[in-house]
Amino acid sequence: MKILDEPDNSRRRFLKTAAAGLSWLPSGAGYAAGSDVIRIGLIGCGGRGEAAALNAMNADKGVRLAAMADLLMDRIQEKRTALKLRKPDQVEVSDERCFTGFDAYKQVIECSDVVLIANAAKFHPLHLRAAVEAGKHVFVEKPHAIDPAGVKAVAAACELAKRKNLCVVSGLQSRYHPGYIETIRRVQEGAIGEIVTIEENFLRAPYVLYPRRPGLTEVEYQGSNQYHFHWLSGDDVPQSLIHNLDRASWVLGNAAPLKCHGMGGRSSLRGEIYGSVFDHHAVVYEFPNRVRVYAFCRTIPNCYNETSS
Ligand SMILES: NC(=O)c1ccc[n+]([C@@H]2O[C@H](COP(=O)([O-])OP(=O)(O)OC[C@H]3O[C@@H](n4cnc5c(N)ncnc54)[C@H](O)[C@@H]3O)[C@@H](O)[C@H]2O)c1
């Protein structure tokens with residue numbers, strides 16, 4: 001991680017190192033002109049959204065959490081209370097700045113200098129594009145998109161951000177981790193010889209499932225349980241295995257796979273309440289030079305767990 005050493009650059013250092021704990025950003029300021037305050041707005045008040053807001057506030061005392069959005073008001077209130085306890089002087093989210101519903105992202109974008117997007121992946125391209133079009137810097141969680149239309153929209157939003165000198169920071173955190181950076185450098189320099197095969201594992205317990213509550217519409221229920229619905233999350237390859245695949249691509253010189261084949265299924269998550277995702281996947285990716293990546297992810301309880309590259 002690059003730390004700048006000029007004495008009065010805390011704003012820029014924040015933007016270089018923080019919008020949710022990550023560290024790559026192009027040069028450019030993200031704070032309101034003439035002010036020491038950076039207003040961040042959070043879209044998606046789950047576990048990651050809370051942590052991303054905390055990361056950003058840890059980076060600089062001038063960072064203020066100014067607005068929050070979620071499909072459910074109780075999630076906003078729970079995270080607002082928890083964050084206020086940790087950062088009493090930096091959480092400035094009045095009731096009027098708590099927004100619910102599928103259009104809530106628009107209001108958060110309006111109230112913020114930097115937008116943190118940590119909601120269901122299906123919406124990441126839409127919200128990223130809206131934030132960039134509004135001239136805001138963005139931290140967007142992985143997966144940035146879960147279908148070809150979304151990927152194209154994200155690529156276009158990043159192009160637009162470049163033209164506007166705005167920052168877009170990705171939640172693929174391995175790229176900012178000093179240990180990974182050094183390891184990948186050494187491997188690429190030949191420390192372990194030529195790479196012919198890579199094995200990737202993300203074997204874990206199931207995602208939390210929130211009970212269905214009276215009063216929620218079906219789409220609110222699914223939206224607030226995104227990990228269990230593939231149209232929202234993309235299922236577990238873009239959710240969990242994405243970190244491993246990002247590192248595999250990275251070590252192979254940012255190569256993209258030429259083709260893949262795989263299989264998956266559902267053996268433990270039974271019943272309508274568990275939504276539509278599989279609980280195990282195995283995918284073989286073929287990269288240039290016949291390098292194969294064997295990738296496995298699984299979300300079944302009481303099994304052998306391993307997260308490794
Ligand atoms: N980089 C990492 O290592 C890492 C770790 C965990 C999660 N994540 C990513 O962060 C994102 C959020 O993860 P999480 O664990 O907090 O999920 P979560 O399901 O616990 O929380 C997401 C929240 O977003 C809300 N939401 C869904 N759609 C919305 C919409 N259209 N507008 C506003 N709010 C909406 C939901 O109600 C929910 O409260 C996911 O994309 C996930 O993959 C990244």
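Me: Let's dive in at valine 132: which residues does valine 132 touch, not counting residues up to four places away in sequence?
Reply: Keep in mind that this is a predicted model. Valine 132 is one of the residues with the most contacts inside the largest nonpolar core. Leaving out residues up to four places away in sequence, its contacts are Val138, Ala157, Leu160, Ala161, Lys164, Leu166 and Val168.

Me: How many residues does that largest nonpolar core have?
Reply: Besides Val132, the residues with the most contacts inside it are Ile43, Phe99, Ile117, Leu128 and Val138. Two or more residues each come from E2, helix H4 (104-110), E4, helix H5 (124-133), E5 and helix H6 (148-163). The count for this core is 23 residues.

Me: And how many residues are in the other core, the one with Val63 and Ile76?
Reply: That core lies apart from the largest one. Leu116 and Phe139 are also among its members. It has 22 residues.

Me: In what order do the six strands of the open sheet stand?
Reply: The pairing in this sheet is parallel. Strand E3 (98-100) and strand E6 (168-170) have a single partner strand each, so they stand at the edges with one side left without a neighbour. From one strand to the next the twist averages 20°. The order reads E3-E2-E1-E4-E5-E6.

Me: Which residue in E6 is the bridge partner of valine 138?
Reply: Strand E5 covers residues 137-140 and pairs with E6 in the parallel sense, over three bridges. Val138 also touches Val132. Its bridge partner in E6 is valine 168.

Me: At about what angle does helix H2 run to E1?
Reply: Helix H2 takes in residues 47-59. It lies across strand E1 (38-43), strand E2 (63-70), strand E4 (114-117) and E5. Its angle to E1 is about 170°.

Me: Over to the other open sheet: in what order do its five strands stand?
Reply: Here the pairing is mixed. Strand E8 (259-265) and strand E11 (306-308) are the edge strands, each pairing on one side only. The twist averages 15° from one strand to the next. The order is E8-E9-E10-E7-E11.

Me: Which residue in E11 does asparagine 201 stand opposite?
Reply: E7 has pairings with both E10 and E11. With strand E10 (residues 292-299), E7 pairs in the parallel sense over eight bridges, and there the bridge partner of Asn201 is phenylalanine 296. With E11, E7 pairs in the antiparallel sense over three bridges. Opposite Asn201 in E11 stands serine 308.

Me: Which residue takes a positive phi in the hairpin of E9 and E10?
Reply: Strand E9 (residues 280-286) pairs with E10 in the antiparallel sense over seven bridges, and valine 284 stands opposite tyrosine 294 in E10. Five residues lie between the two strands of the hairpin. The one with a positive phi, near 65°, is asparagine 289.

Me: Are the rings of tyrosine 207 and tyrosine 227 stacked or edge-to-face?
Reply: Their ring centres are 4.0 Å apart. Planes under 30 degrees apart count as stacked. The planes here are at 5°, so the pair is stacked.

Me: How many residues apart in sequence are the parts that this tyrosine pair ties together?
Reply: Tyr207 lies in the loop between strand E7 (197-204) and helix H8 (218-223), and it counts as buried at 14% relative accessibility. Tyr227 lies in the loop between H8 and helix H9 (230-233) and counts as partly exposed at 30%. The parts tied together are 20 residues apart.

Me: What kind of pair do tyrosine 221 and phenylalanine 229 make?
Reply: Both residues are buried: Tyr221 has a relative accessible area of 1%, while Phe229 comes to 6%. Their ring centres are 6.2 Å apart. With the planes at 80°, the pair is edge-to-face.

Me: Is glutamine 239 buried or exposed?
Reply: Gln239 sits in helix H10 (residues 236-251). Among the residues it touches are Tyr207 and Tyr227, along with Ala121, Lys142 and Pro143. Under 20% relative accessible area means buried. At 5%, Gln239 is buried.

Me: Zooming out, what share of the 309 residues in the protein is buried?
Reply: The secondary structure comes to ten helices and eleven strands. The accessible surface is about 15,300 Å², with 54% of it belonging to carbon and sulfur atoms. The buried share of the residues is 49%.

Terms used. Residues numbered from 1 in each chain as written. Predicted model: local features only at pLDDT ≥ 70, side-chain atom pairs only at ≥ 80, totals over all residues. Heavy atoms only, no water. Pairing = 2+ DSSP bridges. Helix = DSSP H or I, 4+ residues; strand = E, 2+ residues; numbered from the N terminus. Axes fitted to C-alpha atoms, helices over the stretch in contact; angles between N-to-C directions. Contact = heavy atoms within 4.5 Å. Buried < 20%, exposed > 50% of the residue type's maximum accessible area, 1.4 Å probe, protein only. Core = buried A, V, L, I, M, F, W, Y, C linked by side-chain atoms within 4.5 Å. Areas by Shrake-Rupley, 256 points an atom, 1.4 Å probe, with all protein chains shown as cover. Phe/Tyr/Trp six-rings, centres within 6.5 Å; stacked < 30°, edge-to-face > 60°.
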